[in-house]
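The following exercises concern a sheet, its neighbours and the charged pairs around it. Each task is followed by a solution in steps.

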Amino acid sequence: MNHIEGNFKGVRNADIYYQAWLPTGEVKAVLLVVHGLGEHSGRYMNVVNHFVPLGYAVYALDHLGHGKSAGEREVIERFDDFTSTLTTFYNMVKGWQAGKPIFLLGHSMGGLIASHYLLDHQADFKGAVISAPAVKVGEAITPTTIMMGKILSAIAPKMGILGLDASLISHDPEVVKAYVNDPLVFHGKTPARLAAEMLKAMLRVSAEAGTITLPFIVIQGSEDKLVDPGGAQLLYDKAGSPDKTIKIYAGFYHEVFNEPEKSRVLGDVEAWLAAHG
């Protein structure tokens with residue numbers, strides 16, 4: 001496979017890093033990867049190594065304030081910082097792979113970004129793969145919590161308020177170790193502004209998911225402790241698509257592509273993509 005990387009200007013002229021992995025032969029379709037909170041595009045090599053030999057071109061960007069992209073870590077002004085930058089990147093990819101079907105693949109916060117993005121841009125894609133989407137407001141999030149979050153977002157937008165337990169990303173200790181030692185992963189607490197903007201995006205997805213008519217598959221580990229596993233079912237139930245699939249993997253943690261039994265997940269996604277290419 002061929003690996004390329006570069007930068008482009010995203011929201012507020014920020015330098016955004018991207019990379020791509022291309023098959024040596026004909027490209028039959030494109031996977032546009034949208035990564036999760038605090039991580040980066042380089043953590044999707046299991047996806048890359050599985051799909052590029054099958055003829056898929058995989059493109060991924062590092063969000064503003066993530067990975068190799070510019071910006072203070074996890075600091076945004078609004079959720080549109082992610083989606084408007086994704087539009088710029090999508091247009092680049094569409095130009096590079098003119099005429100090829102493009103599938104959107106989002107994980108965790110990337111699943112939220114992807115779901116939110118489809119509300120306005122679903123016509124641009126052949127289908128979507130949504131992994132462990134952070135789309136459901138947790139039961140612990142009370143109206144008082146929401147109000148406090150709005151206040152903090154306004155007066156202390158960079159204040160860290162939510163942490164993440166790295167041991168819960170995968171049952172594979174090597175995956176956890178690599179994550180903990182990865183200098184491109186942000187290990188601090190999520191700032192108040194980002195948390196508040198994610199919450200607003202969750203509420204919009206929940207309210208408007210019925211407008212999504214694009215074919216999609218949502219995949220979720222049943223023992224995910226980092227996002228509410230009910231979010232996958234919520235998205236599946238509320239989406240208006242007549243062609244939708246849900247796969248719940250019993251016992252799996254958050255990163256289903258990085259679990260010891262990842263070949264099963266990748267095989268299921270492969271079969272779904274083949275049926276929708």
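Helices, of the H or I type and at least four residues long, are DSSP runs numbered from the N terminus. The model examined here is predicted.

**Exercise 1. Determine how Lys200 and Glu197 are related in sequence and in space.**

Step 1. Both residues belong to helix H6 (residues 192-208). Because they are three residues apart in that helix, about one helical turn separates them.

Step 2. Their side chains meet in a salt bridge, with an N to O distance of 2.9 Å. This satisfies the cut-off of 4 Å between a side-chain nitrogen of Lys or Arg and a carboxyl oxygen of Asp or Glu.

Step 3. Lys200 is partly exposed at 48% relative accessible area, whereas Glu197 is buried at 9%.

**Exercise 2. Describe the order of the strands in the open sheet and identify its edge strands.**

Step 1. Eight strands are arranged as E1-E2-E4-E3-E5-E6-E9-E10, with mixed pairing. The edges are strand E1 (2-9) and strand E10 (244-249), each of which pairs on one side only. On average, neighbouring strands of the sheet are turned by 15° against each other, direction ignored.

Step 2. Consider the antiparallel pairs. E1 and E2 run antiparallel and are joined by eight bridges; Asn2 has Leu22 in E2 as its bridge partner. E2 also pairs in the antiparallel sense with strand E4 (residues 56-61), over four bridges, and Gln19 is partnered there by Ala60 in E4.

Step 3. Consider a parallel pair. Strand E6 (residues 127-131) and strand E9 (residues 216-221) run parallel and are joined by four bridges. Within E9, Phe216 stands opposite Ala128.

Step 4. Examine the cover. In strand E2 (residues 15-22), seven of the eight residues are buried. Helix H3 (residues 109-121) lies across strand E3 (29-34), strand E5 (102-107) and E6, and runs at about 135° to E5.

**Exercise 3. Which parts of the chain are linked by the salt bridges of Arg12 with Glu77 and with Asp81?**

Step 1. Locate Arg12. E1 and E2 form a hairpin with five residues between them, and Arg12 in the turn has a positive phi of about 55°. At 42% relative accessibility, Arg12 is partly exposed.

Step 2. Examine the pair with Glu77. The closest N and O atoms of Glu77 and Arg12 are 3.5 Å apart, in a salt bridge. Glu77 lies in the loop between E4 and helix H2 (80-96) and Arg12 in the loop between E1 and E2, so the pair ties together parts 65 residues apart in sequence. Glu77 is partly exposed, at 44% relative accessibility.

Step 3. Examine the pair with Asp81. The side chains of Arg12 and Asp81 form a salt bridge at 2.8 Å, N to O. This pair links the loop between E1 and E2 to helix H2, across 69 residues. Asp81 is buried, with a relative accessible area of 0%.

Step 4. Place the pairs in context. Arg12, Glu77, Arg78, Asp80 and Asp81 are linked in a network of salt bridges, and the whole structure contains 14 salt bridges.

**Exercise 4. Identify the residues that make the nonpolar surface patch of about 310 Å².**

Step 1. The patch is made by Met147, Ile151 and Ile155.

Step 2. Ile155 is found in helix H4 (residues 143-155). With a relative accessible area of 66%, Ile155 is exposed, because exposed means over 50%.

Note on methods. Residues numbered from 1 in each chain as written. Predicted model: local features only at pLDDT ≥ 70, side-chain atom pairs only at ≥ 80, totals over all residues. Heavy atoms only, no water. Patch = residues over 30% accessible without salt bridge, like charges linked within 9 Å, V, L, I, M, F, W, Y side chains within 5 Å. Areas by Shrake-Rupley, 256 points an atom, 1.4 Å probe, with all protein chains shown as cover. Helix = DSSP H or I, 4+ residues; strand = E, 2+ residues; numbered from the N terminus. Buried < 20%, exposed > 50% of the residue type's maximum accessible area, 1.4 Å probe, protein only. Pairing = 2+ DSSP bridges. Axes fitted to C-alpha atoms, helices over the stretch in contact; angles between N-to-C directions. Contact = heavy atoms within 4.5 Å.
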